[in-house]
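Student: Please give me a close look at one part, the pairing of strands. Then carry on from there to whatever else deserves attention.

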Amino acid sequence: MDNLRQKAKELLESKTVNLVIGYENGTNGKARAVFITDPEKTGKLIYDERCKQNLAVYLNKHEVKHYGKIAIVAPLMVMRSILVLVSECQVKKENIVALGIGEDGSLLDFPSLEVVEKYVAKIPLGNPQSDQEILDKLNAMTMEQRRAFWQNELERCFKCYACRAACPMCYCLRCTVECNQPQWISAPAHPLGNLEWHMLRTMHLTGRCVSCGDCGRACPLNIPIHLLTMQQAEEAFHMFGVRAGTSMKAESALSTYKPDDKENFIL
Ligand code: SF4
Ligand code: SF4
């Protein structure tokens, strides 16, 4: 932790960056995001098992971007999200300094995002084990059982869109679900409209989800919607060999055509 605070302080003092995004102690024993511009305030930074939020969600915000060069505390999920955002031209790689956090909580030295790519390449990627176990159980069900499970869960959704706000990869300024000219998705929360909304969200994140789980954690009704995008992350890997957040030059799995793509899903 001291290493992290010291590094953040040095970066701000030397004006290498103008802002540090990290975690601090919040209320009720929780950790929360903190935005630091004053080198003397880097002592607030923490990193422990409570620091689960994917901080990369802030990188694309206008209020953050205007700081120019930014350092961000980056456990694996944040590193991967940064690589997705660079590959999608949402952030400039020269504006991001990753204060990498290793699996043991230690500070990693990443002089550039190219070094982050090399680090990520060595890590086995996939869904968190606890989520994958639930997915395995769902996948072992019949289609009717699975449909009943999701209908039951999604009927509870009241369309607060906290899941969308939590995801670094859900960054459109105007989301299709809020367009009414034409209205593609029914606005009120009802079973059909909810199903449409979640199918749309899931498809838009296929091959782009880094399995951080923040969408599910953000849901005030504890609907496990992260499982939908995590399932799609596995599908994208099995069908196209793609894992999101591994390269700054990655192409989108669902919008890139290759002549040798498997096509047996097209009837
Ligand atoms: S788990 Fe949810 S919040 Fe995290 S990247 Fe995937 S869709 Fe976005
Ligand atoms: S956070 Fe939960 S209730 Fe809100 S839109 Fe997402 S799934 Fe629905």
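Tutor: Two strands pair if DSSP finds at least two bridges between them. The strands themselves (E, at least two residues) and the helices (H or I, at least four residues) are DSSP runs, numbered from the N terminus. Residues are numbered from 1 along each chain as its sequence is written, while chains are lettered from A and ligands numbered from 1 in the order in which they are written. This is a predicted model, with local features needing pLDDT of at least 70, side-chain atom pairs counting only at pLDDT 80 or more, and totals for chains, interfaces and linings using all residues.

Start with the hairpin. It is formed by β1 and β2, with five residues between them. In its turn, N28 has a positive phi of about 55°. Strand β1 (residues 19-25) meets β2 in the antiparallel sense, over six bridges. Two partners can be named in β2. R32 is the bridge partner of E24, and V34 is that of G22.

Now add β3. β1 and β3 pair in the parallel sense, over three bridges. I72 in β3 is the bridge partner of I21. Move on to β4. Five bridges join β3 (residues 70-74) to β4 (residues 96-101), and these two strands run parallel. Here A71 stands opposite V97 in β4.

Put the strands together. The sheet is open and has five strands, in the order β2-β1-β3-β4-β5, with mixed pairing. Its edges are β2 (31-36) and β5 (107-108), each pairing on one side only.

Step back to the whole chain. It is divided into domain 1 (2-121) and domain 2 (129-240); such bounds come from an automatic or database domain assignment. The two C-alpha centres lie 27 Å apart. The contact takes 13 residues from domain 1 and ten residues from domain 2. Contact here needs C-beta atoms, placed from the backbone, within 7 Å of each other. The side of domain 1 that touches domain 2 divides into six nonpolar, five polar and two charged residues. Nonpolar covers Ala, Val, Leu, Ile, Met, Phe, Trp, Tyr, Cys and Pro; charged is Asp, Glu, Lys and Arg; the others, Gly among them, are polar.

Next, two helices. Helix α5 (residues 129-140) has twelve residues, and its end C-alpha atoms are 16 Å apart, which agrees with the 16 Å expected at 1.5 Å a residue. The expected span is 1.5 Å times one less than the number of residues. The number of buried residues in α5 is zero, so it lies largely in the open. Buried means 20 or more other C-beta atoms within 10 Å of a residue's own, exposed means 12 or fewer, and partly exposed is in between, with C-beta atoms placed from the backbone. α6 (143-154) is hardly covered: one of its twelve residues is buried.

Then the ligands. A residue is near a molecule if its C-beta atom, placed from the backbone, lies within 6 Å of it. Of the 14 residues around ligand 1, C167, C209, C212, C215 and T229 come nearest. α9 (214-218) and α10 (226-240) each supply at least two residues of this shell. It divides into eight nonpolar, five polar and one charged. One residue of this set, C215, is 50 residues from A165 in sequence but 8.0 Å away in space, C-alpha to C-alpha. A165 is placed in helix α7, and it is exposed, with 12 other C-beta atoms within 10 Å.

Ligand 2 has among its surrounding residues C157, C160, C163, C219 and K159. Its shell divides into eleven nonpolar, no polar and one charged. K159 has an unusual backbone for a residue other than glycine: its phi is positive, near 55°. It sits in the loop between α6 and α7. It is partly exposed, with 17 other C-beta atoms within 10 Å.

Two more backbone points finish the tour. S211, in the loop between α8 and α9, has a positive phi of about 60° although it is not a glycine. S211 is buried, with 22 other C-beta atoms within 10 Å. Q181 and P182 are joined by a cis peptide bond, omega about 0°. P182 is found in the loop between α7 (162-166) and α8 (191-204).

Conventions: Two residues are in contact if their C-beta atoms, placed from the backbone, lie within 7 Å.
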